[in-house]
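User: Please take a close look at the backbone of one loop in this model. After that, set it beside the other places where the backbone or a side chain deserves a comment.

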Amino acid sequence: MSRPAARRPSLAILVVPMAVVVAAAALAGFGVIDLWVASVLVPVAAVVAGLGYVRAQRRFVMRRGADVDRLVAGGRWAAHGGTGQPEVPRGVQSFPKREPLDSDVGHTVGEALRTRIDGRDVWTLELGVQRRTGGTFTETGARESGPATVSDPFHVVLTRLDRAHGLVEVSAAGIADALRAGVEVGVPDFDRAFRVTTESERTARAWLGDGGGAALARQGKDALRGGRLRLDGDTLLWWRQGHQDLDALDDVSRLVARVAAFVPR
């Protein structure tokens, strides 16, 4: 993008109005101002805070729409239902999901965009993972009823593969990972920078033991942009908790396309 994407308003916008509320209550408690003055200031500050946040949210929605339009106009991305009308990846609602992308309630799919890199279709979308806050449980411990909460958002970038594979997940190695069991794939620079968890060591080494691991090692663990790569079934995806980050789309989509080329056929 030619300029940074619009940022979602944070609750920091409420700091000043809430400070007025606290200060008014404190001053009234110490007798510095009359109680009736505080009783007027508090609701006024609350209304100002609410209106300010709503206004910031509306401004963000408008700017984000403009950001998506610029991405599509640039020709590299197509929006679902927009230019080129790309389909959401087949079975996106049912592609293999593991924690924390699994849900006993359901999922929502936000803005879906598609690009094509080195002959491969790559999609990005915001996946909402719905949770329950209460209710009853079955004998196995599964929650079977209760109100659904607002979805936890995850930014997902994915591509489809020619055939299914076992689970392999790659994350940037942290200090604590030195004490955890992981799979070494035989590429020293990669093994130092990344941690691999897998259901199939054979698949992990076939994918990462040569070209795939070397390609990631050359880019360094910052290439994951705080997310994780997951090979799962016939899907290779990058995921990170949080809303869809338009600024990361180009880098992450190239990463996914590049490492997908090394997945065993």
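Analyst: R225 sits in the loop between α5 (211-219) and β7 (228-241). The model is predicted, and in it the phi of R225 is positive, about 50 degrees, although the residue is not a glycine. R225 is partly exposed because its relative accessibility is 29%, and that class lies between the 20% limit for buried and the 50% limit for exposed.

D118 can be read alongside. Its phi is near 50 degrees, again a positive value in a residue other than glycine. D118 belongs to the loop between β3 (113-117) and β4 (120-129). Its relative accessible area is 76%, so D118 is exposed, the class for values over 50%.

A further backbone feature concerns the peptide bond from E99 to P100. That bond is cis, with omega near 0 degrees. P100 is located in the loop between β1 (78-79) and β2 (107-109).

Strand β7, which follows the loop of R225, also precedes another loop: the one between β7 and α6 (249-260), where H243 is found. H243 is partly exposed because its relative accessibility is 37%. The side chain of H243 makes a polar contact with the side chain of E126, at 3.0 Å. For a pair of N or O atoms to be counted as such a contact, the two must lie within 3.5 Å.

The partner, E126, is in strand β4, the strand that comes after the loop holding D118. With a relative accessible area of 16%, E126 is buried because the value is under the 20% limit. The side chain of E126 has a contact with backbone as well: it reaches the backbone nitrogen of Q244 at 3.0 Å. For E126, then, the side chain of H243 and the backbone nitrogen of Q244 are both partners.

H243 also has a C-alpha separation to report. The C-alpha atoms of H243 and D152 are separated by 8.9 Å, while the two residues are 91 residues apart along the chain.

To put the pieces together: the loop between α5 and β7 holds R225, with its positive phi of about 50 degrees. The loop between β7 and α6 holds H243, whose side chain contacts that of E126. E126 in turn lies in β4, and D118, with its phi near 50 degrees, is in the loop between β3 and β4.

Notes
Residues numbered from 1 in each chain as written. Predicted model: local features only at pLDDT ≥ 70, side-chain atom pairs only at ≥ 80, totals over all residues. Heavy atoms only, no water. Helix = DSSP H or I, 4+ residues; strand = E, 2+ residues; numbered from the N terminus. Buried < 20%, exposed > 50% of the residue type's maximum accessible area, 1.4 Å probe, protein only. Polar contact = N/O pair within 3.5 Å; in protein donor to acceptor, adjacent residues only side chain to side chain.
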